[in-house]
Amino acid sequence: MVAHEVPTSSTMAVPHGPAGVGAARRRLRSDLGDRSVDETVIDDAVLILSELLSNSCRYARPLGRLADLKDDAPGGYPAPVLVGAGCGEDGEPEGVTVRWRLPGDGSLTLEVTDGGAATRPLPARPSLTARGGRGLAIVGRLAVDWGVRDAPGQVTVWAALALHPDRGARTA
């Protein structure tokens, strides 16, 4: 029996819209499962990725044309469904990039890169009856650390999780 090599990082171009969130969640869950990552860490990673991508879709501009964005998906992954994807002036679907890395130091890093927004991502303080505004607070509770990186024409929001939650997780 020949063991297949499982990559320690992955970059995926997804539509800038709700369809991209589901496609990224499925691939992240599959990739981390292939790496034998603990199921509770996978669940937290999927929730964090959902929050980061949902914020990107709601508040930020796409990074560029979906067809032009880097995607290292192996042949086994279908292209993301484009239903609900934003389109540019030329009618081409637009997207963002999602990346996850297992750098070998006991952590998992998730990144979502988009075209930026008018404001910088910050945790909100929603009222008890507000329908939203809790996403980055959730990310802050589940992740060991998170932040924002700027580059010309793009913004990356990242979060780091401990692969072994009992070692390095934040305390309340």
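This section describes the secondary structure, strand pairing and salt bridges of a predicted model.

The protein chain contains three helices and six strands. Along the sequence, these elements are arranged in the order β-α-α-β-β-β-α-β-β. The chain comprises 172 residues, of which 41% are classed as buried. Its exposed surface amounts to about 9,800 Å², and 53% of this area is supplied by carbon and sulfur atoms. Where contacts are formed between residues at least 6 apart in sequence, 72% of them join residues at least 24 apart.

Strand S3, spanning residues 94–101, takes part in several pairings. With strand S1 (residues 9–15), S3 forms an antiparallel pair over seven bridges. Within this pairing, Pro 15 is located opposite Gly 95 of S3. Strand S2, which covers residues 64–65, is likewise antiparallel to S3 and is joined to S3 by two bridges. Here Gly 64 has Gly 95 as its bridge partner in S3. Gly 95 of S3 thus appears both opposite Pro 15 and as the bridge partner of Gly 64.

S3 is also paired with strand S4 (residues 107–114), again in the antiparallel sense, over five bridges. In this pairing, Thr 97 is matched with Thr 113 of S4. S3 and S4 form a hairpin with five residues between the strands, in which Gly 104 adopts a positive phi near 95°.

The S3 and S4 strands are further linked through their side chains. Arg 101 and Glu 111 form a salt bridge with an N to O distance of 3.2 Å. Because Arg 101 belongs to strand S3 and Glu 111 to strand S4, this pair ties together parts of the chain that are ten residues apart in sequence. The two partners fall into separate accessibility classes: Arg 101 is partly exposed, at a relative accessible area of 25%, whereas Glu 111 has 7% relative accessibility and therefore counts as buried, the limit for that class being under 20%.

In total, six salt bridges are found in the whole structure. Two of those described here involve Arg 29. In one, the side chain of Arg 29 meets that of Glu 39, with N and O 3.0 Å apart. This contact links distant parts of the chain, since Arg 29 lies in helix H1 (residues 18–34) and Glu 39 in helix H2 (residues 39–59), with a separation of ten residues. In the other, Arg 29 forms a salt bridge with Asp 43, the closest N and O atoms being 3.1 Å apart. Asp 43 is also part of helix H2, and this pair connects H2 with Arg 29 of helix H1 across 14 residues.

The three residues concerned are each partly exposed: the relative accessible area is 45% for Glu 39 and 33% for Arg 29, while Asp 43 has a relative accessibility of 37%. The salt bridge between Arg 101 and Glu 111, by comparison, has a buried residue, Glu 111, as one of its partners. Through shared partners, salt bridges join Arg 29, Glu 39 and Asp 43 into one network.

Notes. Residues are numbered from 1 along each chain as its sequence is written. This is a predicted model: local features need pLDDT of at least 70, side-chain atom pairs count only at pLDDT 80 or more; totals for chains, interfaces and linings use all residues. Side-chain values use heavy atoms; hydrogens and water are left out. Two strands pair if DSSP finds at least two bridges between them. Helices (H or I, at least four residues) and strands (E, at least two) are DSSP runs, numbered from the N terminus. A salt bridge is a side-chain nitrogen of Lys or Arg within 4 Å of a carboxyl oxygen of Asp or Glu. Buried means under 20% relative accessible area, exposed over 50%, partly exposed in between (1.4 Å probe, protein chains only). Contact means heavy atoms within 4.5 Å. Accessible areas come from the Shrake-Rupley method with a 1.4 Å probe; for residues, only the protein chains shown count as cover.
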